[in-house]
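These are my notebook entries on a structure that I looked through one topic at a time. Each entry records what I looked up and what I found.

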Amino acid sequence: MTNFAKLHEDVCFKKAGGKVIWQPRIGCWIDDKLFEDGELPGKYKGMTKAEIYRDLGCSARVYEYNDCFYPVYDDTIRYTSKTEGDLQTDTFETPVGTVTHITKSTPSSWARLTVKEWVCSEEDLKVFTYIEQHTNWTFSQEIFDKVHAEWGNLGAPTVFIPRVSVQRLYIDLMGVEEAVYAMMDYPETVEAYFAALRECHLRLIDVINPSPVRIINFGDNIHSGTLSPSLFEKYVLPEYQIRCERLHQGGKFVCSHFDGDNRGLMEFYQQTGLDGIEAITPVPQGDVTLEEMHQALGDMFLLDGIPAIYFDEDYPEEVLVDCVHKILDLFAPNLILGISDEISSTGDIERIRLVGKIVDEYNRNLSASQES
């Protein structure tokens with residue numbers, strides 16, 4: 001079997017001789033099937049995720065290495081979590097105040113629905129500023145070794161790090177609407193939080209850089225439908241530039257997760273300092289064409305690129321095949337081919353093999369041409 005971990009790093013660091021790698025994410029398909037039926041269908045029954053990847057003969061983006069890095073709060077912060085019925089309440093107690101987050105289980109998936117956001121006021125945000133200021137990070141070699149034992153050479157060690165500035169407010173702490181109001185109503189408090197968050201994340205990077213993890217993703221889920229160009233330029237772009245400079249000093253490959261709509265932010269791609277961007281979704285699922293993506297990225301890497309809906313039987317296999325060839329023509333060798341963003345629970349998992357055969361043929365033909 002191909003050593004996908006080596007190929008993954010070789011592609012990222014341009015040592016693969018022009019080869020590309022097929023690295024689809026299939027976690028949604030697996031989790032939804034297990035939630036709905038309690039087991040996976042057909043031959044996949046009883047398999048682990050790693051075993052399914054091995055059976056499909058493709059690489060995995062092994063974000064399970066995320067567990068190797070975790071926050072350590074100082075003694076002035078107390079975190080607790082309790083569950084009553086379908087409600088879970090998480091709490092941070094600090095010298096400057098207490099904040100809570102309440103979620104509930106849902107009947108449709110293992111994901112939990114937020115009932116109460118962490119931050120509902122300016123005072124709550126000041127508590128999180130304190131938390132960021134009093135958080136350090138550590139790396140666990142034991143967890144790293146455990147993840148590697150399970151996933152082996154299916155993919156190079158990879159992590160995504162916490163969200164920056166506005167995206168942290170939108171997704172983790174406040175929700176979009178309240179975060180927008182916060183930036184307008186108490187900008188000094190918001191910017192003080194962003195500064196504390198930046199320093200906290202730089203402490204994390206100082207732990208990441210000497211670690212064996214070389215591929216770093218910013219798990220920001222950036223969507224231009226909620227993040228305007230002005231907000232991106234003011235609050236996100238500088239954070240990316242600072243992070244990328246520090247991570248590149250550690251010899252890391254750096255990318256970020258841009259999903260949803262992208263058109264409004266494409267002008268900034270090459271200013272970010274990123275090596276590549278993950279999950280840009282082209283039409284007919286997203287709002288940009290492959291050609292527009294290629295122009296905006298320049299020499300940057302594309303991670304993914306195939307619309308997830310092309311794995312559904314609503315679209316003939318020929319549409320998927322044509323899309324794969326077009327992506328290879330446009331983006332190789334700066335390409336980690338994948339699905340933007342994951343194959344859904346309604347997708348045909350066997351189409352994963354189809355794409356793999358195309359990529360294998362591409363790499364074989366490339367090797368043959370280089371030998372002749």
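**Two cis peptide bonds**

I began with the prolines, and I found Pro284 in the loop between β11 (276–278) and α10 (290–297). The model is a predicted one, and in it the peptide bond from Val283 to Pro284 is cis, with omega near 10 degrees. I then turned to Pro333, which sits in the loop between α11 (317–331) and β14 (335–337). Ala332 and Pro333 are also joined by a cis peptide bond, and here omega is about 5 degrees.

**The chain as a whole**

I next looked up the overall make-up of the protein chain, which has 12 helices and 15 strands. Its C-alpha atoms fill a box of roughly 70 × 45 × 40 Å along the principal axes. I asked what radius of gyration a compact globule of 372 residues would have. The value would be near 21 Å, and the protein chain has 21 Å, so the two agree.

I looked up burial and found that 49% of the 372 residues in the protein chain are buried. The protein chain exposes about 16,600 Å², and carbon and sulfur atoms supply 49% of that area. For contacts between residues at least 6 apart in sequence, I noted that 73% join residues at least 24 apart.

I also looked up the charges. The protein chain carries 33 positive and 61 negative charges, and their mean positions are 4 Å apart.

**Positive phi outside glycine**

I searched for residues other than glycine with a positive phi, and Lys14 was one of them, with phi near 55 degrees. Lys14 lies in the loop between α1 (4–12) and β1 (21–22). Is Lys14 buried or exposed? Its relative accessibility is 57%, and Lys14 therefore counts as exposed, the cut-off being over 50%.

Ser165 is another entry under this heading: its phi is positive, at about 25 degrees, although Ser165 is not a glycine. I located Ser165 in helix α6, which covers residues 165–174. Ser165 counts as buried because its relative accessibility is 2%, and buried means under 20%.

**Helix α1**

I went back along the chain to α1 and asked how many of its nine residues are buried. The count is eight, and I recorded α1 as mostly covered. The buried residues are Phe4, Ala5, Leu7, His8, Glu9, Asp10, Val11 and Cys12. I then looked up what these buried residues pack against, and I found β1, β8 (158–161), β9 (215–222), β10 (253–258), β12 (301–303) and β14.

**Aromatic rings**

I searched the whole structure for aromatic pairs and obtained 23. Tyr193 and Phe194 form a pair that is tilted, with 6.3 Å from centre to centre and 55 degrees between the planes. Tyr193 and Phe194 are both buried. I also looked for clusters of rings, and I noted one formed by Phe218, Phe232, Tyr240, Phe258, Phe268 and Tyr269.

**Surroundings of Phe311**

I placed Phe311 in the loop between β13 (306–307) and α11. Its relative accessibility is 0%, which means that Phe311 counts as buried. Which residues does Phe311 touch, not counting those up to four places away in sequence? I listed Trp22, Ile306, Leu320, Ile339, Ile343, Gly347, Asp348, Arg351, Ile352 and Val355. I looked further at Arg351, which is 40 residues from Phe311 along the chain; the C-alpha atoms of Phe311 and Arg351 are separated by 6.3 Å.

**Surroundings of Lys104**

My last entry concerns Lys104, which I found in strand β5, residues 97–105. With a relative accessibility of 32%, Lys104 counts as partly exposed. Leaving out residues up to four places away in sequence, I listed Asp86, Leu87, Arg112, Leu113 and Val115 as touching Lys104. I also looked up Gly85, which is 19 residues from Lys104 along the chain, and the C-alpha atoms of Lys104 and Gly85 are 8.7 Å apart.

How values were computed:
Residues numbered from 1 in each chain as written. Predicted model: local features only at pLDDT ≥ 70, side-chain atom pairs only at ≥ 80, totals over all residues. Heavy atoms only, no water. Helix = DSSP H or I, 4+ residues; strand = E, 2+ residues; numbered from the N terminus. Rg over C-alpha atoms; globule rule 2.2 N^0.38 Å. Buried < 20%, exposed > 50% of the residue type's maximum accessible area, 1.4 Å probe, protein only. Contact = heavy atoms within 4.5 Å. Areas by Shrake-Rupley, 256 points an atom, 1.4 Å probe, with all protein chains shown as cover. Lys, Arg positive; Asp, Glu negative; His and termini not counted. Charge placed at Lys NZ, Arg CZ, Asp CG, Glu CD. Phe/Tyr/Trp six-rings, centres within 6.5 Å; stacked < 30°, edge-to-face > 60°.
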